[in-house]
Amino acid sequence: MARDIDIREGIDWTTVWLYAALVFFGWLNIYAAVYNPESPIAIFSTSHNAGKQLLFISSTFVLILIILFVDYKVYDSFAYIFYGFIILLLLATIFLATEIKGSRSWIKLGSTFSLQPAEFSKIFTALALSRYLSTQGVNITKVRDAIVAGLLVFVPPIIIILQKETGSALTFAAFIAVFYREGLPGIYPALGIALAILFVLVLFFNKFYVVAGLAVACGLFWYVFLKRYERTRQNLIRLGGVFVIASAFVFGVKFFTTNVLQPHQQKRIQVLVNPDSDPLGAGWNVTQSRVAISSGGIIGKGYLQGTQTKFDFVPEQSTDFIFCTVGEEWGFIGSVIVILIFAALLNRIINLAEKQRSKFSRIYGYCVASILFFHLLVNIGMTIGLMPVIGIPLPFLSYGGSSLWSFTILLFIFLKLDAHRSYKV
Amino acid sequence: MFQDRKQIILSFFFLVCTIYALRLFYLQVIDDTYHTIGSTGALKKEVQIPLRGQIYDRNGKLLVANVDVYDMYVTPYKVKQMDTTTFCRLFNITRSYFDSTMTIAKSYSRNRSTLFLRQLSKEDYARVADAMVSFPGFTFELSFFRTYPARTMANALGYIGEISKKSYEAQEVEYYRSGDYIGITGLEKQYEMELRGRRGVKFTMMNVHGENKGSYSDGEYDTLAVIGKNLFTTVDVEVQQLSDSLFQGKTGCVVAIEPRTGEILAMGSYPYYDPNMLSGKQFSKYFKELYRNPDKPLNDRVATGFFRPGSTFKLVQSLVGLQLGSITPETFFVCGNAPVKCHGHPSGDLHNAVRFSCNPYFYQVFKKTMSATPESNPFKAAPIMLSKWHEMVEKFGYGLKLGIDLPSESSGLLPNVKYYDKRYGSQQWKFSNIYSLSIGEGEISVNMLKMANLAATIANRGYWVTPHLVRGIGQNGKGVLPEHRQVHRTDIETRHFEAIIGGMQDAVEHGTVGGGAGIVEGIAICGKTGTSQNKKGKDNSIFIAFAPRYNPKIAIAVMVQNAGFGGSVAAPIATLMIEKYLKRKIERTAIKERMLNLSIRTVEAMAAGSAAKPIPVLIPESTSKTAPVVPSKPKKEAEKSIKTTFVKPKVEKFNKTK
């Protein structure tokens, strides 16, 4: 068995090209976002984000090479060790970090660069989870195993919340797709989605209307969907239970949003429903990003011709709101192409994952796809006003070394595993 | 295990992607709120208003010019604690005006500038400029208003004013903003497009703090302001000014046309008022006064009035009669024997009848015309001949609009068969019902422009050119619209003209124009008096003429309201103007003096009695030190710059760059 196969042949070049397209396009847009028509800046200068991003991009070549030339078994074997290491690093960060914009998640490296361990924790959580779920005899449908798997996924975000990086913590919710793929009963993700829908309904409508709607839905379910013989006393109690729990959830949401959430978080949810409720405060980002994207029209204003995405109208322009630049300068066509590339990438990863003979590789592939998807869902969703403002980057496009590196590592570990897919661990 | 779940997961991914794509489609393609340049707040749209074109007379003398003035704007939040009393004294405004305008400005926007005072003269501006240091928040913007150095032709030139709400909303392509100036009447309205020039637009990028960040897209969407084109009118300002002085104390109108070209040499509607009265800050002061004057100085009597043509119409009757063959130049009718009265003069042929304006003669002419058909039943003959007559008279422009380049022109009335059928019933009328037409009375009505046009048509021996006021757009003599060169031929053959032209010359020299008041040495003037009945009082004095008899240079029509017989007042005025135009000087000073000193009060003015105040005379000083005109409602700056909905607190986005 020749283990040292030629990586150039084994690697999935389709994925690599999709990745490269996104990274390159991202860099172009970061330049556009910092571009100042008054005093054009050199595109390679490291005094601004585009120049720095170019440095990050160059450095990812080194990372990619390292990942590809390290023995693929390392990722499996050392998964727990990596996981333990990152947990310690996350904990250490709370104490070592300097506070940036209210969060303590950045560790300074030298004077110019800082690192955000939270970004990397996803990778190692994904590895550890894959390792655990691929362990002989572990079955997610078993309560004990589900709890262990759940803990693996839950611990890092809790520490990250302590760092006040709620956005990054939320991304761990992505793993539910992995659990589902590995056998978690469909009812759980379905329940999750149902609750999310209920949550949104409560935001937009009076809670009493929502409860009334629930009652009608239950009635319809009972008389239309259940066959006569299914209408047993037991099922009636179950349905009643569902109704009671759902109603409790509805009231809970109201209580949660008004009493538990911090005022600024409440506002973020409020402006999602009605951006005009606070156009200068919490609604500012939402509104400006919508204006920017809208003003792009079908074909966009042209590269570097945007007006909304310059001059600080949209904060976090090159990081979390990079999609606004795409929308404004490349228009509907450009935006949809970005979404299509992402869809193609997700499709490719999942299909590759399904081809893996190794369970570890397959689960890890799903982790990668789920994490990428979740970022896409939240990030683009918030720029187009379908999601509350949650500060997480758009994979590969957003400015930032930590995010670019972490997504690159995440993806290329999978490509490395995939290159060796014929060898079952 | 669970391979099928791959499809579910992928489907969910794709579903979300599809929803996002649809959302983008809605935002970027369907919802066009933010699609236009500058609708988003990151771009400031600055509008540059070009200077309005000036208006000149045919010899390049300035009729309408622009004067630079300053408009003062206030940005409420920049206004500090200030000495209001000093400020009010400085600008000569009342405390209550200050307070109310400030309140309006504040209620509009604290951060944007609102028009505070309009049209400060350069002198006023210079006077207050130093003092303004202690009044932050007030800024000045250069503007202009119209001034009329020749102080004439108020009605024909028209005036400009703030665009009305109605026209503002009616514009198809959005060009004007509320508060913009637009031509309201006269040439200012007619040639608005040429005079206004093209407004420039400059897009400037603003950062979130409202700081200027340079021009947008290297000025690709900017347009340069193009100065309005100058208008060169056909008017001879010296003749025009003579007419203004001759009409002192009189009401009426005058219009003189160059027959060959249709160019209007003079056009006045009286009582006279100085056009500067309706310019800039004077407007609100004088407009009401002029509007209320019983003699209605604001009405343009030349193109929109309604008068009976009176005896001048006998010329048309003769020509139609000659053309139809119902008379010849030698036809003899006795003066008398008709339901129309006459004044003692010898009977004779057509020449004689024109010379003495013989009413019975033209009664007979029209009677002959109306029966020049084999049909013997007068109830059937009259409609047949009237429609023929109507067709021929209409070619003189009667009952039609002549097409002068003014926004409003009356077409007058030339009764046709339908008209009388409606009035009397079909075949229920005959010549005896309509004979008043024979001497230009009865159901016919015209404006003075048509009368001058008749003189021009006779001068041309059978054709007329659309009368017009502008002979050059941008350059003198260039850019005349083709419709103003159009030649309109009548049905009358050239040979028929000499008979009446001779009569017209005699009428001036020893006919209806009495006492030689119409004789100008060396110039053969052919004219026709008219005395148009005025129901309310003394007749209107009318005179139309052209001169010289051969190769005519000027055709003129003059009407003086309530001045009586046509030869007494209208003819001297007309011949004085002809003299001025052809000789460039007046030799008949006695007649001129007599006309200058003659004052005729109209019936309307007499009825109004002491309430009729004379029209004020403007002291020739355009930059008076009176208080600047207070705008009726402050012009909002919002309309000057495209609105932004979102302004960060305490950040001024629309700081004026000037």
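Two strands pair if DSSP finds at least two bridges between them. Strands (E, at least two residues) and helices (H or I, at least four) are DSSP runs, numbered from the N terminus.

The model is predicted: local features need pLDDT of at least 70, side-chain atom pairs count only at pLDDT 80 or more, and totals for chains, interfaces and linings use all residues. Residues are numbered from 1 along each chain as its sequence is written, while chains are lettered from A and ligands numbered from 1 in the order in which they are written.

**Exercise 1. Find the partners of β17(B) and the residues that stand opposite B:Ile542.**

Step 1. Start with β16 (residues 526–532) of chain B, which runs antiparallel to β17(B) and is joined to it by seven bridges. In this pair, B:Ile542 has B:Gly530 opposite.

Step 2. Go on to β18(B), which is also antiparallel to β17(B), again with seven bridges. Here B:Met559 of β18(B) stands opposite B:Ile542.

Step 3. Look at the turn. The hairpin of β17(B) and β18(B) has six residues between the strands, and B:Asn551 there takes a positive phi near 55 degrees.

**Exercise 2. Decide whether β17(B) is enclosed or open, and check each face.**

Step 1. Apply the cut-offs: a residue is buried if 20 or more other C-beta atoms lie within 10 Å of its own, exposed if 12 or fewer, and partly exposed in between, with C-beta atoms placed from the backbone.

Step 2. Eight of the eight residues of β17(B) are buried, so the strand is largely enclosed by the rest of the structure.

Step 3. Separate the faces. In a regular strand, side chains alternate between the two faces of the sheet. On one side of β17(B) are B:Asn540, B:Ile542, B:Ile544 and B:Phe546, on the other B:Ser541, B:Phe543, B:Ala545 and B:Ala547, and all are buried.

**Exercise 3. Locate two cis peptide bonds and two asparagines with positive phi in chain B.**

Step 1. Recall the background: most peptide bonds are trans, and most residues other than glycine have a negative phi.

Step 2. The bond between B:Tyr270 and B:Pro271 is cis, with omega about 15 degrees. B:Pro271 sits in the loop between β12 (263–270) and α10 (283–292).

Step 3. A cis bond also links B:Ala547 to B:Pro548, with omega near -15 degrees. B:Pro548 belongs to the loop between β17 (540–547) and β18 (554–560).

Step 4. B:Asn92 is not a glycine, yet has a positive phi of about 60 degrees. It lies in the loop between α2 (84–91) and α3 (95–108) of chain B. B:Asn92 is exposed, with 12 other C-beta atoms within 10 Å.

Step 5. B:Asn562 likewise has a positive phi of about 60 degrees. Its place is the loop between β18 and α20 (570–583) of chain B. B:Asn562 is buried, with 22 other C-beta atoms within 10 Å.

**Exercise 4. Work out which strands stand at the edges of the β1-β2-β3 sheet of chain A.**

Step 1. The three strands form an open, antiparallel sheet in the order β1-β2-β3.

Step 2. β1 (98–100) and β3 (113–115) of chain A each have a single partner strand, so one side of each is left without a neighbour in the sheet.

Step 3. Check one pair: β2 (residues 103–109) of chain A and β3(A) share three bridges in the antiparallel sense. Within it, A:Lys108 stands opposite A:Ser114 of β3(A).
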